[in-house]
Amino acid sequence: MSRGPTPGIVTVPGWQCYPWLLAGFSTRRGGLSTVYAGGGPPEQNLGYTPEEDPLQVAEARERLIDALLEARAAGSGGVRPDLITVRQCHSGVVCQVERSQLPLASADGRASLQGDGLYTRDANLLLGILTADCVPVLIADTRTRAVAALHAGWRGTVQRIVERGIGAMSQRFGCRPQDLIAAIGPSIGPCCFEVGVEVREQFEAQFGYGGELVAKVAAQPDSPVRLNLWEANRRQLLDAGLAPSAITLIGECTACTRLDDGRRKYFSHRAEQGFTGRMLSLIGTVAS
Ligand SMILES: [Zn+2]
């Protein structure tokens, strides 16, 4: 049907039992972009990065949505969901969106809303978060079918964007924590995310458990530390009332996970010194 290789998607183990739910994290493999490929096979860049052809991005996003619909066992029911993204700015801002607000983007697909999280209760929308090391967190309410997509880099994490997102869903839609499921997507892991003392101090000041999120890389008091953003966001989900069993950690590090051919499975802003593409994490529902 669609030309070119199949877009790489990581789905959430166990979520196949919700036929109304669409969710997945893109990988680097299976695209049409050559900008960051270094002469290797074309890649799936889903972000409007400065070096990328915007037409390529728009087509890659359509191909990813096709692949997500095809991967869904029950099929799409013939309805194609509309994608909404947001102009991400490392904030703690979450935006409620509705179908009536569409397109919420310019003609070439660039987002018009600004913030770092999206949530909705409308079916046939796909909420998208772009990352290349930052943590994408997807949340679904199995009772009300509200969904959220959140962008939790270290700045968003320290601003408690996950707790804010769940708070907004509860306030707006009456979501209850016992009905929520969440997935923490591919992102820079505790193996690779080294930060300085100023970032460590912000985590220790903001969270009672902040000291548990860092591991020193040397003995000196001002030594850099490795920060565990996966655990930081898992703790926020737990503090919001989710059961441990309702949280899935994909657990793949964007900086060091390699495919069999030795190439990176994901784009990594840090490992590639900022010259890299973006993955797109998607969540939405279809009427069933
Ligand atoms: Zn790593």
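Let's start at a turn: strand 8 and strand 9 form a hairpin with 5 residues between the strands, and there Arg145 takes a positive phi near 65°. Keep in mind that this is a predicted model.

**The two arms of the hairpin**

Strand 8 covers residues 135–141, and its pairing with strand 9 is antiparallel, over 6 bridges. Two of the residue matches can be followed along the strands. Ala140 stands opposite Val147 in strand 9, and the bridge partner of Leu138 in strand 9 is Ala149.

Strand 9 also pairs with strand 6 (residues 117–120), again in the antiparallel sense, over 4 bridges. Here Gly117 stands opposite Leu150 in strand 9.

How covered is strand 9, which spans residues 147–152? It is mostly covered, with 6 of its 6 residues buried. The side chains can be sorted by direction: Val147, Ala149 and His151 point one way, while Ala148, Leu150 and Ala152 point the other way, and all are buried.

**The sheet around strand 9**

Stepping back, these strands belong to an open sheet of 6 strands, ordered 5-6-9-8-10-14, with mixed pairing. Strand 5 (94–96) and strand 14 (247–249) stand at the edges with a single partner strand each, so one side of each has no neighbour in the sheet. On average, neighbouring strands of this sheet are turned by 15° against each other, direction ignored.

A helix lies across part of this sheet. Helix 3 (residues 161–173) lies across strands 5, 6, 8, 9 and 10, the last of these being residues 180–184. Relative to strand 9, helix 3 runs at about 160°.

**Another sheet**

There is also an open sheet of 5 strands, with the order 1-2-15-7-4 and mixed pairing. Which strands stand at its edges? They are strand 1 (9–10) and strand 4 (82–84); each has a single partner strand, so one side of each is left without a neighbour in the sheet.

Within this order, strand 7 (residues 125–131) and strand 15 (residues 279–285) pair in the antiparallel sense over 7 bridges. One of the facing pairs has Ile129 opposite Ser281 in strand 15.

For a quick look-up, here are the strand pairs described above.

| Strand pair | Sense | Bridges |
|---|---|---|
| Strand 6 and strand 9 | antiparallel | 4 bridges |
| Strand 8 and strand 9 | antiparallel | 6 bridges |
| Strand 7 and strand 15 | antiparallel | 7 bridges |

Conventions. Residues numbered from 1 in each chain as written. Predicted model: local features only at pLDDT ≥ 70, side-chain atom pairs only at ≥ 80, totals over all residues. Buried ≥ 20, exposed ≤ 12 C-beta atoms within 10 Å, placed from the backbone. Pairing = 2+ DSSP bridges. Axes fitted to C-alpha atoms, helices over the stretch in contact; angles between N-to-C directions. Contact = placed C-beta atoms within 7 Å.
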